[in-house]
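Hi everyone, thanks for coming. I'd like to walk you through one structure this morning, so let me put it up on the screen.

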Amino acid sequence: MRLPRRVPWQDLSELEQVCSWIYTDENDLQAKRLAVNRLAAWKAAVPLPHALESTHAVLSVILQDGTSATSSSSLSLRMSYASAIIRLVNGLVDPLQLGAYARSINSIAQQLGLPAWFVELRHAATHEDLPSLEVLRDAAREAMGWLLHNYFLPTLNPSTPAAPAQPLRPLAPLLKQYKTLMKATTRDATLRVTYRAEITKNMREIERWIAEAKVASASAMGGGAGWDDAQEDGDEEDVREKWALDQLAEVLIQRGMLVPLSKKKRVSPGQTGLALPRSALLIWTPLLTHLQSLHPNLPLHLVAAITAHLSRPAPTSDGGAAFQSETVSLTEDAPKADPSYDLCLASWAKWLVDNCAGGSEDADEAEDIRESAIVRIVSTLGPDPLTAGSSKACVHYASPRILVWQLL
């Protein structure tokens, strides 16, 4: 359960008042001073979201610039403007650099919709000569406009979308490329050395996709540019990472990923219980183990996706044939029963429960993850009183409500 999000205002009308003071009249310095004072009071009472911190910093420099009359203050103004812009960019980018493989600041800024020249200005102000005062003033004005469209308006009116950012690239092609490489190495062991670098590069791209998904989660969940603290409780999973892993899990359980397209490859010959074919384990275990070492909660998300699928009502096949013969189907894509697909997913759920300890060095944490996975399975699927006592439940493709008890 997430804790309530702390905000500095009592209700949105206070934030709306601050927004009005800042943006109604660009030349009204008195109104801007009221906004700076209000932001300073909020800052003294509670930590501000990064957007408001940046607004306070940039607006304070604009006020300083508007009341400065001597040329001797030019260097001080340039340093103040540069510091405010640097903090704006760093505060947006740094929280999203937590993946195993660092991403460039340019790529993160592009995905956030942040003007590219802000990154260049940040680099110049940090490592080169300070930009001119005119350039810095332009940057401050554009920064205030960006904050309006990416924080204030989406926060005041959640139905108002934030400025469009770069869309999240599809994950399926990366997973298919990984699967192709691994299939080649499992068939011919001599190719392992040849493809090792390419497989490692592909795994890094998948991890980068997770990092990109964390950035995209803000707009996908109805927020702005991801301003709120994503982890408000030390024991709470990062909500951005949670969303990203949910998307990863949904793609992994699709046909052609963890579950082969060929029905003959989904089960081992003579299989009557929950077991994965050796070929599937050889292909996917390296990737799952790698990702789990970086994201220990990945098994929970995969189990959740699997149980969500298995808990759906099974499509009717022969039942109701008389009724179906008198009706016309308006869709050709109606879901059809696919027992081997369900059985393969249930086998992956069992494998995840049995192997989820590998992603955590803490034995207690690993056991907590395993228990959470089992609780998820039981609470989602649960026992079926009509079939729980059947001794033939798993001889053929059993229903998910039977499979879960064999799993446990």
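Let's start with helix 6, residues 116-127, and helix 7: their axes come within 11 Å and cross at roughly 135°. That angle makes helix 6 oblique to helix 7, and the crossing is left-handed. On the helix 6 side, the contact is made by Trp117, Phe118 and Leu121. Helix 7 answers with Val135, Leu136, Asp138, Ala139, Glu142 and Ala143. Please keep in mind that this is a predicted model.

Let's stay on helix 7 for a moment. It has 24 residues and reaches 32 Å from its first C-alpha to its last. At 1.5 Å a residue, 34 Å would be expected, so the value is close. Where does helix 7 bend? The bend is at leucine 148, and it comes to about 40°.

Now let me step back to the whole protein. Its secondary structure comes to 16 helices and zero strands. Of the 408 residues, 42% count as buried. And if you take the contacts with a separation of 6 or more, 72% of them are accounted for by residues 24 or more positions apart.

Next, helix 3, which covers residues 50-67. With 18 residues at 1.5 Å each, helix 3 should span 26 Å, and its end C-alpha atoms are indeed 26 Å apart, so the two agree. Which residues of helix 3 are buried? Here they are: His50, Ala51, Leu52, Ser54, Thr55, His56, Val58, Leu59, Val61, Ile62, Leu63 and Asp65. And what covers them? The cover includes helix 1 (12-23), helix 2 (29-45), helix 4 (74-93) and our friend helix 7 (133-156).

Let's take one of those partners, helix 2. Helix 2 and helix 3 pack at an angle of about 140°, with their axes 10 Å apart. That makes helix 2 oblique to helix 3, because an angle has to be over 145 degrees to count as roughly antiparallel. The crossing of helix 2 and helix 3 is left-handed. From helix 2, the residues that meet helix 3 are Leu29, Lys32, Arg33, Ala35, Val36, Leu39, Ala40, Trp42 and Lys43. Facing them in helix 3 are Leu52, Glu53, Thr55, His56, Leu59, Ser60, Leu63, Gly66 and Thr67. You'll recognise Leu52, Thr55, His56, Leu59 and Leu63 from the buried residues of helix 3.

Further along the chain, here is another pair: helix 10, residues 239-252, and helix 12, residues 298-310. Their axes come within 9 Å and cross at roughly 50°. Helix 10 and helix 12 are therefore oblique to each other, and helix 10 passes helix 12 in a right-handed crossing. Helix 10 brings Lys242, Leu245, Asp246, Leu248, Ala249, Glu250 and Leu252 to the contact, while helix 12 brings Leu298, His301, Leu302 and Ala305.

Finally, a single residue: glutamate 205, in helix 9, residues 191-220. Is glutamate 205 buried or exposed? Neither, quite: its relative accessible area is 21%, and buried means under 20%, so glutamate 205 counts as partly exposed. What does glutamate 205 touch, leaving aside neighbours within four places in sequence? It is in contact with Arg169 and Leu174. Leucine 174 is 31 residues away from glutamate 205 in sequence, yet their C-alpha atoms are 7.4 Å apart in space.

That's my tour, and I'm happy to take questions.

Terms used. Residues numbered from 1 in each chain as written. Predicted model: local features only at pLDDT ≥ 70, side-chain atom pairs only at ≥ 80, totals over all residues. Heavy atoms only, no water. Helix = DSSP H or I, 4+ residues; strand = E, 2+ residues; numbered from the N terminus. Buried < 20%, exposed > 50% of the residue type's maximum accessible area, 1.4 Å probe, protein only. Contact = heavy atoms within 4.5 Å. Bend = angle between axes of the 7 residues up to and from the residue. Axes fitted to C-alpha atoms, helices over the stretch in contact; angles between N-to-C directions. Parallel < 35°, antiparallel > 145°, perpendicular 65-115°, else oblique. Left-handed = near helix turned anticlockwise from the far one by under 90°.
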